[in-house]
Amino acid sequence: MMAAMDRSVAWRTALLFAVALAIVAVLLAVALPRSFFEDWGWLAGPGVWAACALLAGAAMELPAVPVLAGAALSALPSLVAVALDQHWAGAPLGIVLFGTWCGWLADRRRVAA
């Protein structure tokens, strides 16, 4: 049997997460030199991913620790893409996975209430 999910929360969280990631990526790309990303991208990327996930999760009133766990799991496709030197290839799948995780969290919260 497939796990239940709040589809409304899933797509809204995924959309907010994607928009937040895009805005931060553009701002950082404009503000910082390429060398910053070559030297510090390994730290900045996951930090931005986590911060944007927390923002999206907070907007949906989801608990921070499970949201961060979902962000970590959803980042795995991006990690594989980076290892293959295709930096942004995993992000779309990661965004969908994160939204799905948050939809599942919202459904669990609803059922528990």
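**Figure 1. Helices H1 and H2 form a right-handed crossing.** Welcome to this predicted model; we start with two of its helices. The axes of H1 and H2 come within 9 Å of each other, and the angle at which they cross is roughly 145 degrees. On the H1 side, look for Thr-13, Leu-16, Phe-17, Ala-20, Leu-21, Val-24, Leu-28 and Ala-29. Their partners in H2 are Phe-37, Val-48, Trp-49, Cys-52, Ala-53, Leu-55, Ala-56 and Ala-59. Sorted by class, the contact of H1 with H2 holds 15 nonpolar residues and one polar residue, with no charged ones.

**Figure 2. Helix H2 also packs with helix H5.** Here H2, which spans residues 34–59, meets H5, which spans residues 91–112. Their axes lie 12 Å apart and make an angle of about 35 degrees. This crossing of H2 and H5 is right-handed. H2 brings Trp-49, Ala-53 and Ala-56 to the contact, while H5 brings Ala-91, Gly-94, Ile-95 and Phe-98. Of the residues in the contact of H2 with H5, six are nonpolar, one is polar and none is charged. If you have just come from Figure 1, you will recognise Trp-49, Ala-53 and Ala-56, since these residues of H2 are also listed in the contact with H1.

**Figure 3. The largest pocket has a volume of about 990 Å³.** To find your way around the pocket, begin with Gly-41, Gly-45, Val-82, His-87 and Trp-88, the lining residues that lie nearest its centre. In total, 28 residues line the largest pocket. Of these, 20 are nonpolar, five are polar and three are charged.

**Figure 4. Several helices share the lining of the largest pocket.** At least two lining residues come from each of H1 (7–31), H2, H3 (64–74) and H4 (76–83). Which helix gives the most to this lining? That is H2, with 11 residues.

**Figure 5. Stepping back, the whole chain is built with five helices and zero strands.** Following the sequence from one end to the other, you will meet the pattern α-α-α-α-α. The radius of gyration of the chain is 15 Å, close to the 13 Å that the globule rule gives for 113 residues, so the chain is as compact as a globular protein of that length. Taken along the principal axes, the box filled by the C-alpha atoms is roughly 50 × 25 × 20 Å.

Methods
Residues numbered from 1 in each chain as written. Predicted model: local features only at pLDDT ≥ 70, side-chain atom pairs only at ≥ 80, totals over all residues. Heavy atoms only, no water. Axes fitted to C-alpha atoms, helices over the stretch in contact; angles between N-to-C directions. Helix = DSSP H or I, 4+ residues; strand = E, 2+ residues; numbered from the N terminus. Left-handed = near helix turned anticlockwise from the far one by under 90°. Contact = heavy atoms within 4.5 Å. Nonpolar A, V, L, I, M, F, W, Y, C, P; charged D, E, K, R; others polar. 1 Å grid on protein atoms, 1.4 Å probe; cavity = no way out; pocket = protein on both sides within 12 Å on 5 of 7 lines; lining within 4 Å. Points joined across faces, edges and corners; volume = space filled by probe spheres on them. Rg over C-alpha atoms; globule rule 2.2 N^0.38 Å.
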